[in-house]
Amino acid sequence: MRIVNVKHRKYRLEGRCQFPLARFLKLSPSIFLVVVVVVVASLLSLFQQRGEQLGVSSENMGYLNSVLSSSSQVYADDGPVSGGGLSQNGKFSYGYASSPGKRSSMEDFYETRIDGVDGEIVGLFGVFDGHGGARAAEYVKQNLFSNLISHPKFISDTKSAIADAYSHTDSELLKSENNQNRDAGSTASTAILVGDRLLVANVGDSRAVICRGGNAIAVSRDHKPDQTDERQRIEDAGGFVMWAGTWRVGGVLAVSRAFGDRLLKQYVVADPEIQEEKIDSSLEFLILASDGLWDVVTNEEAVQMTKPIEDPEQAAKRLLEEAYQRGSADNITCVVVRFLANQGGGGTSRGSSA
């Protein structure tokens, strides 16, 4: 790396752009400064994580720890958190498993919730994978479903209610982040069960996969910056996509849609893609998971592993353990929902979340 003496060079934000790199990338000075700030924050976070992995103590991290303090949740060393339950009407059961994996901090959150809305038993399941800290993912986990079921059109027009809830939650998150020094964001992969309908909504690169008739079917799309339509949308908004180890928005963020990410909000939207599936006897189960699973396990492999395991909690734990054994370097969170279309009877819910 060549060190350039800039002692006598003046940079101004007026007139023609004076930043050589910004001029090369054809960016305005203001956008260039935003990108620089986000890159520096990301590098500091990476240095801290690397220091922790190498066994550097908190005391030796010194200034970095004071700058990068966050509410990241650290799990105990005695294994993943897991649980599950059965809906009151006996139509579906669910299980979850979540672990920091090989990372020292936890930025994954999940929600498993059964509620009653206008006399309907409703299932709400979600996986939220944070970046830049845990704050954004935790906020979405705590607020998204409450905003959704309180929407006046939740039953009559569920798709528009989901879109509105995502937008409202993102707006409120951004307001709550105004006083924060670090920029945080989160993916969201959610599944809403209402009557005989399954509605899957997704923002980011967590993923939803169903097993229908024995086949693995992705019911969400990973939002990556190099996808043709996503790249076009970002560039139309005045942003850019560049390679920095992987394709990134502004050279910083590896997902093209997310909650939060205030400094990139013009380009990184929280508009969900929503897919509806009919719940019938051919629909066997649903898997929601963060990319800690999908980075090392294919859709087909996940479905094949889940098929023989009737208990969804055990199935979620099996997926988590397989991802860890295959070397996943990320937090790992899995939620499995089994549809019991041909079974009757009641049951009790013992839902939980983290």
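## Salt bridges across the chain

A salt bridge here is a side-chain nitrogen of Lys or Arg within 4 Å of a carboxyl oxygen of Asp or Glu. In this predicted model, Glu 230 and Arg 257 form one through their side chains, at 2.9 Å from N to O. Glu 230 sits in helix α7 and Arg 257 in the loop between β11 (247-249) and β12 (259-260), so the pair ties together parts 27 residues apart in sequence. Helices (H or I, at least four residues) and strands (E, at least two) are DSSP runs, numbered from the N terminus. Glu 230 is buried, with 1% relative accessible area, and Arg 257 is buried too, at 10%. Buried means under 20% relative accessible area, exposed over 50%, and partly exposed in between (1.4 Å probe, protein chains only).

The structure holds 19 salt bridges. Among them is Asp 196 with Lys 278, at 3.0 Å from N to O. Asp 196 lies in the loop between β6 (188-194) and β7, while Lys 278 belongs to strand β13 (residues 273-278), 82 residues apart. Asp 196 is partly exposed at 39%, and so is Lys 278 at 47%.

## A network at helix α10

Which residues are linked with Glu 322 in a network of salt bridges? They are Glu 301, Arg 318 and Arg 326. Glu 322 itself lies in helix α10 (residues 312-325) and is buried, at 14% relative accessibility. Leaving aside residues up to four places away in sequence, Glu 322 touches Val 297 and Met 305, where contact means heavy atoms within 4.5 Å.

## Leu 198 and its neighbours

Now to strand β7 (residues 197-203), home of Leu 198. This leucine is buried, with 0% relative accessibility. Its C-alpha is 5.6 Å from that of Glu 276, although the two are 78 residues apart in sequence. Beyond residues up to four places away, Leu 198 has contacts including Ile 210, Leu 283 and Phe 339.

## How far to trust the model

The mean pLDDT (the predictor's confidence in each residue, from 0 to 100) is 82, and 73% of residues reach 70 or more. Over residues 47-78 the pLDDT is below 50, and this stretch has 39 contacts beyond near neighbours in sequence. Residues 342-353 also fall below 50, with 29 such contacts.

Residues are numbered from 1 along each chain as its sequence is written, and side-chain values use heavy atoms, with hydrogens and water left out. Local features need pLDDT of at least 70 and side-chain atom pairs count only at 80 or more, while totals for chains, interfaces and linings use all residues.
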